[in-house]
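Me: I am new to this structure and would like to learn how to read a few of its features, beginning with the way helices pass one another. Could you take me through them step by step?

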Amino acid sequence: MSSGKKFARSREYFERAAKVIPGGIYGSKSPGFLVPGHFPYYLEGAKGSCIVDVDGNQYIDYLCGYGSQIVGYGNPAVDGPALDQARRGDLLNQPHPVMVELAERLVDLVDGMDWAVFVKNGTDATTLATSIARADTGKQIVVAAEGAYHGAANWCSTNVFPVFTSAEQRDVRFFSYNNIAQLEKLFKDNKNNIACVILTPYHHPTYKPQQLPTPEFLKAVEVLCQREGAYFIMDDIRANFRLSMAGSHSYFGAHPDMVTMGKALANGYPISVLLGAEALKKTASSFFITGTYWMSAVPMIAAMATLNEMERLGGPHRLAQLGTLLKNGLESLGEKAGFKARISGPPAIPFLTFDEDPNLFLNQRFCAAMADRGVFMHPHHNWFISLAHSEEDIERTLSAAREAFEELRGGFSALFMNKIHEQ
Ligand SMILES: Cc1ncc(COP(=O)(O)O)c(C=O)c1O
């Protein structure tokens, strides 16, 4: 089935954009990452769990602004105080006192962290964390997991020209997530040169099923870092407070030296944070940390309000409940339709893949069929549940999924499955 939706205005804007904006829409929001003809290019608004595109099509949204919406789009408990502050002044010469209150609150909340530095993007936070580890240890090498995303800077992005990888990633080493032997070998081969290991709390590579850490793995990271004088950085930007209000490291029982958070920290208002342990405070203090917009008041007010709203609405527990409903429903509908459809990762941050199709071709068809039915699920990037989602949203999603799986099983997919079986 081709999309019944109309994207005339989306297309029109994209054609205009292509003339004045490199790539039209650049980076991860490029239409190329979705399924052409089934997804809008431009959105004009959102409320709660629902987004509306420029052609007036509505969707139950499971991308949540790439994770940034945790208590729902346009939540008045967040927007109210944020807009109030915007009227009184956002970007001031000196910080607003809410900066102190937010730092105190995060240090109280997040396990093992003693100080906070506020930045704008997640990339700012991860880059600063690795720089502080390098400065403190006097060592150069950063160790990361293959396929992990820590931002769009040249030191960590996998989407850069070779000239940057050869120069700026010269001192970055990669190993397979959960593979203790490979990590040990890296430490052995780079004796006295490793400044830090940066990891996400669980592995969420694009285009692949998500992978939870084994308890032995996180323990091994800690032991190796301590023994070899390297720091352990937990990049919690994507999961943020979706797994635990004490940070995802607490959920998995890990003890990092620094933690980066962002995305959902202020329900979409631009702010990220680097948190660190006491041992690194002196080095962090000696850094010239600045950015024109980094201390603006509105996102900090929004972050305080988001934390209140998270607590009021049931936080990670409620997210897991809704995510489990979605997971169980999708897996069982998939099975009934004859697919090995599997949700990986924590239920609050789910991703669907088909065991029979590692190339994600079925994901694309499934997500296209869901978009046709008013449900926005990304075919290549993990999804997010928010506290604005309701049981009714999940029911409507599952009823769309029943049809989508049937559509997949019929006509087109039969052809595709035959091809797989012939191989
Ligand atoms: C784990 C992780 N780290 C870092 C980043 C980079 O954050 P930002 O896009 O805000 O720079 C992201 C963004 O997706 C992320 O998921």
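Reply: A crossing is called left-handed if the near helix is turned anticlockwise from the far one by less than a right angle, and right-handed if it is turned clockwise. In this predicted model, helix H11 passes helix H13 in a right-handed crossing.

Me: At roughly what angle do the axes of H11 and H13 cross?

Reply: The axes of H11, residues 315-336, and H13, residues 391-409, cross at roughly 15° and come within 10 Å. Angles under 35 degrees count as roughly parallel, and therefore H11 is described as roughly parallel to H13.

Me: Which residues make the contact between H11 and H13?

Reply: On the H11 side they include Leu 322, Leu 326, Gly 329 and Leu 333, while on the H13 side Ile 394, Leu 398, Ala 401 and Phe 405 are among them. The residues of this contact divide into nine nonpolar, three polar and two charged.

Me: Turning to strands, how many bridges join S2 to S3?

Reply: In a regular strand the side chains alternate between the two faces of the sheet. Here three bridges join S2, residues 50-53, to S3, residues 58-61, and these two strands run antiparallel; in one pairing, Val 52 has Gln 58 of S3 as its bridge partner. The hairpin of S2 and S3 has four residues between the strands, and Gly 56 takes a positive phi near 90° in this hairpin.

Me: Which way do S3 and S13 run, parallel or antiparallel?

Reply: S3 and S13, the latter covering residues 375-376, run parallel and are joined by two bridges, with Phe 376 of S13 serving as the bridge partner of Asp 61.

Note on methods: Residues numbered from 1 in each chain as written. Predicted model: local features only at pLDDT ≥ 70, side-chain atom pairs only at ≥ 80, totals over all residues. Pairing = 2+ DSSP bridges. Axes fitted to C-alpha atoms, helices over the stretch in contact; angles between N-to-C directions. Parallel < 35°, antiparallel > 145°, perpendicular 65-115°, else oblique. Contact = placed C-beta atoms within 7 Å. Nonpolar A, V, L, I, M, F, W, Y, C, P; charged D, E, K, R; others polar.
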